[in-house]
Amino acid sequence: MSQDLAETALIDQHIYKGFLPHEGPQNVYECDICGYWHLTSKNAEQNPRLTEMIDSGEMKRKQDAQRWERF
């Protein structure tokens, strides 16, 4: 998994699972063992793409739309 794909998966998790900004995975990292990128909630720094979506209100709009789609 590439960094870009991992960041997209991180954002998708927040959209589809409805995490609050401080909940769930917060960033991505490249694994020293396998070389792939993984999600992590242990990194103290929030991913910049995730932060931008939260701060702009886009995350909340997408989460709201996702909830409506389930009905």
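Helices and strands here are DSSP runs numbered from the N terminus, a helix being H or I over at least four residues and a strand E over at least two. With that in hand, welcome to a predicted model, in which Met 1 sits in the segment before α1, the helix of residues 3–17.

**The overall picture**

The protein has three helices and two strands, and reading from the N terminus the order is α-β-β-α-α. Its C-alpha trace spans about 40 × 20 × 15 Å along the principal axes. Of the 71 residues in the protein, 27% are buried. If you look at contacts with a separation of 6 or more, 42% of them come from residues 24 or more positions apart.

The accessible surface comes to about 5,000 Å², and carbon and sulfur atoms hold 53% of it. As for charge, the protein carries 8 positive and 12 negative charges, and the mean positions of the two sets are 9 Å apart.

**Three residues to look at**

Here are three residues side by side, with their relative accessibility and the class that follows from it.

| Residue | Relative accessibility | Class |
|---|---|---|
| Met 1 | 42% | partly exposed |
| Leu 39 | 32% | partly exposed |
| Gln 63 | 9% | buried |

Let's start at the N terminus. Met 1 joins Leu 5 and Tyr 36 in a nonpolar surface patch of about 310 Å². Met 1 counts as partly exposed because its relative accessibility is 42%, and that class lies between the cut-offs of 20% and 50%.

Next comes Leu 39, which belongs to strand β2, residues 37–40. Leaving aside residues up to four places away in sequence, Leu 39 touches Ala 6, Ala 9, Leu 10, Gln 13, Pro 25, Asn 27, Val 28 and Tyr 29. Ile 11 is 28 residues from Leu 39 along the chain, and their C-alpha atoms are separated by 10 Å. Even with the contacts listed above, Leu 39 has 32% relative accessibility and so counts as partly exposed.

Finally, turn to Gln 63 in helix α3, which covers residues 58–69. Is this glutamine, Gln 63, buried or exposed? Its relative accessibility is 9%, so Gln 63 counts as buried, the cut-off for that class being under 20%. What does Gln 63 touch, not counting residues up to four places away in sequence? Its partners are His 14, Ile 15, Gly 18 and Phe 19. Two of these names, His 14 and Ile 15, fall within the 3–17 range of α1.

How values were computed. Residues are numbered from 1 along each chain as its sequence is written. This is a predicted model: local features need pLDDT of at least 70, side-chain atom pairs count only at pLDDT 80 or more; totals for chains, interfaces and linings use all residues. Side-chain values use heavy atoms; hydrogens and water are left out. Patches are made of residues with over 30% relative accessible area and no salt bridge: like charges are joined within 9 Å, nonpolar side chains (Val, Leu, Ile, Met, Phe, Trp, Tyr) within 5 Å. Accessible areas come from the Shrake-Rupley method with a 1.4 Å probe; for residues, only the protein chains shown count as cover. A salt bridge is a side-chain nitrogen of Lys or Arg within 4 Å of a carboxyl oxygen of Asp or Glu. Buried means under 20% relative accessible area, exposed over 50%, partly exposed in between (1.4 Å probe, protein chains only). Contact means heavy atoms within 4.5 Å. Lys and Arg count as positive and Asp and Glu as negative; His and the chain ends are not counted. The place of a charge is taken as NZ of Lys, CZ of Arg, CG of Asp or CD of Glu.
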